[in-house]
Structures are given as structure tokens and as C-alpha cells.
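Thank you all for making the time this morning. I would like to walk through one structure that will be new to most of you, going slowly from strands to loops to empty space.

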Amino acid sequence: MAESTRCSTLARSEALDPGGTAGCHAGFCLIEVPLPWPADVATIRGLRAIATETRRRGIRFVAVVPVGGAERRRVILYRRRPSVLFSRYERAEASCEPRHLESTVLALLRAEIQETSPLSGRDVLLCTHGRRDICCGARGVALARALESSGRVCPDVRLWRASHLGGHRFAPTATILPEGTSWAFLDASIVDRLLTRAESVEDVLAHYRGCHGLESPSVQVVERAALADAGWGLLARRRGGTDLEGGSVRLDVLGDAGGRDRWEGRVVPGRRVALPVCGQAVAPSESACELSLVDLRRNGIPYRSLRSGER
């Protein structure tokens with residue numbers, strides 16, 4: 001497929017806004033699965049029951065390329081604590097022989113297996129799933145190689161080549177756990193800035209798709225405006241949103257000292273952009289709709305009318 005007709009190339013040329021496209025998940029289940037993968041990893045023999053059970057619980061099942069030998073498979077479960085505002089997913093990990101994958105995942109889901117050792121650091125999932133979409137296969141793999149060879153990845157970061165994360169039109173894409181943030185149109189320099197946070201969040205805001213741990217695409221859009229206002233520290237604060245009538249959205253964010261900030265606005269449909277479905281013989285198109293944020297207020301005071309992600 002010609003580069004000029006790929007979905008991510010056209011999305012870049014249209015400056016397609018990725019805000020509110022992260023997907024909303026109760027957690028992530030990462031399983032080491034050797035390549036090659038089919039277009040849908042849920043169809044792999046031995047993983048179908050796992051995919052069904054995680055989907056039932058609202059948890060995203062993601063295959064990752066194994067690191068090390070093939071005798072044992074690592075399983076990492078990230079899960080949101082229910083009934084509380086979100087700041088990060090909780091993490092548990094186990095390893096097992098391939099024939100015990102299903103029972104190990106179920107044990108993690110039932111919390112029969114807890115954290116096996118002190119867990120720290122971050123897992124960065126880079127979508128490299130070429131069988132699912134050629135853009136992720138080309139751009140995602142190139143980014144993974146660049147990061148692996150650069151030597152700039154932080155010591156506490158585990159870099160994974162992952163199966164489909166959604167939003168291949170934004171390739172290369174990545175999800176950072178446990179914070180649950182999702183990012184678009186990446187390169188090695190941008191990933192470095194995301195991990196070190198050495199520069200202002202404004203420098204990467206146009207790449208922010210949203211936080212998977214929040215309640216809806218509209219809440220993700222308001223959260224991006226709050227992130228522009230409050231800076232990187234917002235991602236460590238407990239927060240949650242509510243969709244109200246007429247497109248109005250409220251995001252409540254708790255402070256370290258017990259205070260609360262509230263951002264409110266209206267999220268409305270923006271422009272629609274027709275993009276090709278990569279890898280299809282007839283090259284059909286799909287319509288991507290941007291979300292726009294207007295009438296933003298912080299703690300009841302008009303803040304600014306702005307499109308999602310802009311200052």
C-alpha cells in the first residue's frame with residue numbers, strides 16, 4: 001500500500017486531533033505471546049477463553065513480544081480499583097508455563113495471585129501489530145527499534161512491542177502504564193519527553209489521546225484541557241468525570257491536601273475526516289470524528305473557550 005494513502009499519513013496531513021480516542025478500560029492484561037500474531041490475537045489457540053473473560057470484565061487483553069526464553073510466559077495484570085477516583089492502575093505479575101496461561105490469568109483476575117515482589121517502574125506498550133494495520137507494523141516497529149537502540153529509555157521503563165491498542169490512524173501509538181495514558185503520532189524524542197517529563201506538558205499535548213482510566217471520551221477531552229492548565233502533576237492526582245446533559249462534562253480532581261478542583265465544559269462533535277482502512281483490497285474509507293471543547297470553566301470561573309488540547 002502506497003505511503004501516501006495510508007491512514008496515519010493522511011491523519012497527519014489533516015492534523016487530526018487525537019483527543020478523546022484512548023478507549024476506556026478497567027485494566028490491561030499483558031501476556032507474552034511469541035510472534036507471528038494473527039490480525040486478532042484473541043483467536044490464538046489457548047488464548048480465546050482469556051480474551052473472553054478479560055473482555056467481560058472490561059479489561060483490555062494485549063499480547064506482547066516475549067523478552068527472554070520461551071519456556072515460561074509472563075503475565076502482567078493492571079486493574080483499576082473500583083468505586084474510587086482514578087490516578088493509576090494497580091499491578092500484579094506472574095509467570096508460568098504456556099500450558100498454564102489460562103489458570104494463571106484467572107488466578108490473577110480473582111486476586112489469588114498478588115504482587116510477587118516490590119513492583120515499580122513503568123510499562124510502555126508500543127503498537128507494532130502489522131497484521132492488524134500496516135501503519136502500526138511500519139511506524140510502530142521503526143519506533144521500537146529506534147528506542148531500543150538509542151539507549152535513552154529510562155532504567156525503570158520496560159518497553160514492549162504490543163498487539164493492537166486501537167487508533168492505528170495515529171501510528172505510532174503507545175500506552176504508558178500504570179498511569180494509563182495513551183499517545184499519538186510519536187517519535188523517539190517525544191517518547192523521551194513523555195517519560196522524563198523534563199519539559200512542559202504543552203510540548204506534547206497535541207499527542208495526548210487521553211487516559212484509559214477515565215469514564216468516557218468526553219471526560220478525556222476535558223481532562224486534556226485540565227492537564228494543559230495544571231501541568232504534569234495532574235496525572236498523579238485522583239480524578240474522575242461525569243457526562244451531564246447537553247454535552248456538558250465535569251471533571252473533579254482531588255489535591256494532595258484534600259482540596260478539590262473542578263473543570264467543566266461542553267464537548268461537541270467537530271469535523272469529520274475520511275480515512276482509508278489500510279490493508280483492504282478495495283481501500284474503503286472510515287470516518288474519524290474529532291471532539292471539540294467549548295465553554296471551559298475551572299472552579300466555576302470561565303477559563304477559556306478552546307478546542308480540545310489547545311491553550
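**From the strands outward**

Let me begin with strands β1 and β2, which pair in the parallel sense over 6 bridges, and I should say at once that what you see is a predicted model. If you want one contact to look for in that pairing, take Ile 31, whose bridge partner in β2 is Ala 63. The two strands also belong to a unit with a helix, since β1, α2 and β2 make a right-handed β-α-β unit.

On its other pairing, β1 meets strand β3, residues 73-79, in the antiparallel sense over 5 bridges, and there you will find Gly 27 standing opposite Arg 79. Which residues of β1 are buried on one side, and which on the other? On one side they are Gly 27, Cys 29 and Ile 31, and on the other they are Phe 28, Leu 30 and Glu 32, so that both faces of the strand are covered. With 6 of its 6 residues buried, β1 is therefore largely enclosed by the rest of the structure.

Moving on from β3, we come to strand β4, residues 90-96, of which 5 of the 7 residues are buried, so this strand too is largely enclosed by the rest of the structure. β3 and β4 pair in the antiparallel sense over 7 bridges, and within that pairing Arg 73 stands opposite Cys 96.

Cys 96 brings me to the cysteines. How many disulfides does the count come to? The count comes to 0, and it helps to recall that a disulfide here requires two cysteine sulfur atoms within 2.5 Å. Cys 96 is buried, with a relative accessible area of 4%, and its sulfur is 10 Å from the closest cysteine sulfur, that of Cys 29, which is too far for a bond. Cys 289, by contrast in its setting, counts as partly exposed at 29% relative accessibility, and its sulfur lies 16 Å from the closest cysteine sulfur, in Cys 24, again too far for a bond.

Let me now turn to another group of strands. Strand β7, residues 174-177, is joined by 4 bridges to strand β5, residues 122-127, and the two run antiparallel; here Leu 126 has Ala 174 as its bridge partner. β7 also pairs in the antiparallel sense with strand β8, residues 181-183, over 3 bridges, and Thr 175 stands opposite Ser 182. These two strands, β7 and β8, form a hairpin with 3 residues between them, and in the turn Gly 180 has a positive phi of about 75°. Both faces of β7 are covered, with Ala 174 and Ile 176 buried on one side and Thr 175 and Leu 177 buried on the other.

A few details of the backbone deserve a pause. In the loop between β1 and α2 you will find Pro 36, which is joined to Leu 35 by a cis peptide bond with omega of about 0°. A cis peptide bond also joins Ala 171 and Pro 172, with omega of about -5°, and Pro 172 is found in the loop between β6 and β7. Ala 15, in the loop between α1 and β1, has a positive phi of about 50° although it is not a glycine, and this residue is exposed, with a relative accessible area of 53%. Arg 197 has a positive phi of about 55°, although it is not a glycine either; this arginine sits in the loop between α5 and β9 and is partly exposed at 28%.

Finally, the empty space. The largest pocket holds about 290 Å³ and is lined by 16 residues, of which Asp 40, Ala 42, Arg 55, Arg 60 and Phe 61 lie nearest its centre. The elements that give two or more residues to that lining are α2 and β2, and the lining divides into 6 nonpolar, 6 polar and 4 charged residues.

The structure also holds 1 cavity of 30 Å³ or more, with about 40 Å³ of space in it. Which helix gives the most to the lining of this cavity? Helix α5, residues 188-196, does, with 4 residues, and the lining as a whole has 6 nonpolar, no polar and 2 charged residues, including Arg 152 and Asp 192.

Note on methods
Residues are numbered from 1 along each chain as its sequence is written. This is a predicted model: local features need pLDDT of at least 70, side-chain atom pairs count only at pLDDT 80 or more; totals for chains, interfaces and linings use all residues. Side-chain values use heavy atoms; hydrogens and water are left out. On a 1 Å grid over the protein atoms alone, a cavity is a set of points where a 1.4 Å probe fits but cannot get out, and a pocket is an open set with protein on both sides within 12 Å along at least five of seven lines; lining residues have an atom within 4 Å of a point. Grid points are joined across faces, edges and corners, and a volume is the space filled by probe spheres set on the points. Ala, Val, Leu, Ile, Met, Phe, Trp, Tyr, Cys and Pro count as nonpolar, Asp, Glu, Lys and Arg as charged, and the others, Gly among them, as polar. Buried means under 20% relative accessible area, exposed over 50%, partly exposed in between (1.4 Å probe, protein chains only). Two strands pair if DSSP finds at least two bridges between them. A crossover is right-handed if, with the strands pointing away from the viewer, the path from the first strand over the helix to the second runs clockwise.
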